[in-house]
Amino acid sequence: MPGFEVFGAEEKKEIQDVLDTGVLFRYEFAEQRKGVYKVREFEEQYAKYCGTGFAQAVTSGTAALKVALTALGVGPGDEVITQGFTFVATWEAILEVGAIPVFTEVDETLNMDPADLLKKITAKTACIIPVHMLGSQADIVAIVAIAAERNIPVLEDTAQAAGGHIRGKRLGSFGTCGTFSFDAVKTMTTGEGGMIITNDQELWRTMSEYQDHGHDHKVNPGARGGEGRRFIGFNFRMMELQGAIGLAQLAKLDSMIDAQKKTRDALLEAALTIPGTRARKVIDPEGDTATFCCFILSDRDQAAKVNEVLREAGCGAINFAENTWHFYPRWEHLLNGSTPVKSGWPFAEPGGKRRIVYDPEALPQSADLIARTLVFPVPVKMANDRLQLMCEALKKAAAV
Ligand SMILES: *Cc1c(COP(=O)(O)O)cnc(C)c1O
């Protein structure tokens, strides 16, 4: 990560095609655009890459989550289950549609623990959002089986794992739909941008219309054409310039992942020389995107000592127990119910009665795991001397 490291002539050529027509908008202007439809082409290529029937581009990964949840019919009165280790965007989107986020533990995949998922399902559960965090697969086959038995849709938040798969089947294509982010730090980037994939044509049509103010896309699937509208919508339309960049970045995705794997393998090999250390559990190593190198130490004291050695060498690792963006007990705005809305929504009902209260101690299994996990982001390009320095530091840490 991220794709801007390989930004080059291919992206510039795609952007130039758009600038040559002067049409920055994905819909209409049929004559002026001379057949250039970059967002539509990006959607087609993305769906093909993922092996799904349909793809819908939107403005961000967070918008993708909101559009998908809305199209699935999720709203006030519903609960949506996700994991307590994810980026804040996942539960922001749940709150944004008026539903209540319910958090599960993570297991050694560092993703949703299917055993805890079973305990969290209620009659109000309207959707389950497993996240393929830090580039590696959630136990998605088990999760989809649990959901299917109960007729609950699964939305895979695949923002951090574009290009990942399990035995050839792409992440994001196991559930009812899957969402992606192309923000500045993701493996493939369009600056800002997002995508939703699905095999359900009706669901796709709803998403397509919703993200375009409810314009009727019926007579012209994926584009405008009709005069009617079935429902209210909003604007989450991707620009042609983003679609252009996405096409060039998608063509580089596999080679970026291959490069990351080599670096990740070298780092992990050195990390595993630390006594008692385990790699994160990866369901299919072939399909891992190697965007991050994660290793789990025997306890939090050891993790702290190891990281001290790494920091002294100038290559400290991320400990997500110390990071406030990705782990439940550190989301103080969620726990405190902080919102700019005067009525207190979405944490309080109109009238002020608190409708959601979270216990910071609710996820002890995750707290234990996350505190003893160290993580290196893996760039696409890493200078050899930097990699050597990191491997040496890890071996030094193994000796303390
Ligand atoms: C980045 C990210 C998002 C949100 O994507 P944006 O494009 O930044 O809105 C959602 N979920 C996860 C897990 C992410 O890492």
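1. The shell around the ligand is a good place to start. In this predicted model, the shell residues divide into eight polar, four nonpolar and three charged. There are 15 residues around the ligand, and those that come nearest are Gly61, Thr62, Ser181, Asp183 and Lys186. As you look through the site, keep in mind that glycine is counted among the polar residues here.

2. Which elements should you pick out when you view the site? Helix 3 (61-71) and helix 4 (89-96) each supply at least two residues of the shell around the ligand. Gly61, one of the residues that come nearest to the ligand, also has a polar contact worth a look, described next.

3. Three polar contacts are easy to find on screen. A polar backbone atom of Gly61 sits 2.7 Å from an oxygen atom of the ligand. Ser181 uses its side chain instead: a polar atom there lies 2.7 Å from an oxygen atom of the ligand. With Asp157, the partner is a nitrogen atom of the ligand, 2.8 Å from a polar side-chain atom of that residue. How much of the ligand's accessible area does the protein cover? On its own the ligand has 380 Å² of accessible area, and the protein covers 93% of that.

4. Now to empty space inside the protein. Rolling a probe the size of a water molecule over the atoms shows where such space is left. The count comes to one cavity of 30 Å³ or more, and about 30 Å³ of space lies in the largest cavity. That volume and the cut-off carry the same figure, so please read the count with the cut-off in mind.

5. Which residues line the largest cavity? They are Phe85, Leu110, Leu134, Phe320, Ile370, Thr373 and Val375. By class, six residues of this lining are nonpolar and one is polar, with no charged residues. Both domains take part: domain 1 (3-252) and domain 2 (253-397) each give at least three residues to the lining.

6. Leu134, one of the residues lining the largest cavity, deserves a second look for its backbone. Its phi is positive, at about 50 degrees, although Leu134 is not a glycine. You will find Leu134 in the loop between strand 4 (125-129) and helix 6 (140-149).

7. One last backbone detail concerns a proline. Is the peptide bond between Trp345 and Pro346 cis or trans? The bond is cis, with omega about 10 degrees. Pro346 belongs to the loop between helix 10 (332-336) and helix 11 (364-371).

Technical notes. Residues numbered from 1 in each chain as written. Predicted model: local features only at pLDDT ≥ 70, side-chain atom pairs only at ≥ 80, totals over all residues. Heavy atoms only, no water. 1 Å grid on protein atoms, 1.4 Å probe; cavity = no way out; pocket = protein on both sides within 12 Å on 5 of 7 lines; lining within 4 Å. Points joined across faces, edges and corners; volume = space filled by probe spheres on them. Domains from an automatic or database assignment. Near = heavy atom within 4 Å. Polar contact = N/O pair within 3.5 Å; in protein donor to acceptor, adjacent residues only side chain to side chain. Areas by Shrake-Rupley, 256 points an atom, 1.4 Å probe, with all protein chains shown as cover. Helix = DSSP H or I, 4+ residues; strand = E, 2+ residues; numbered from the N terminus.
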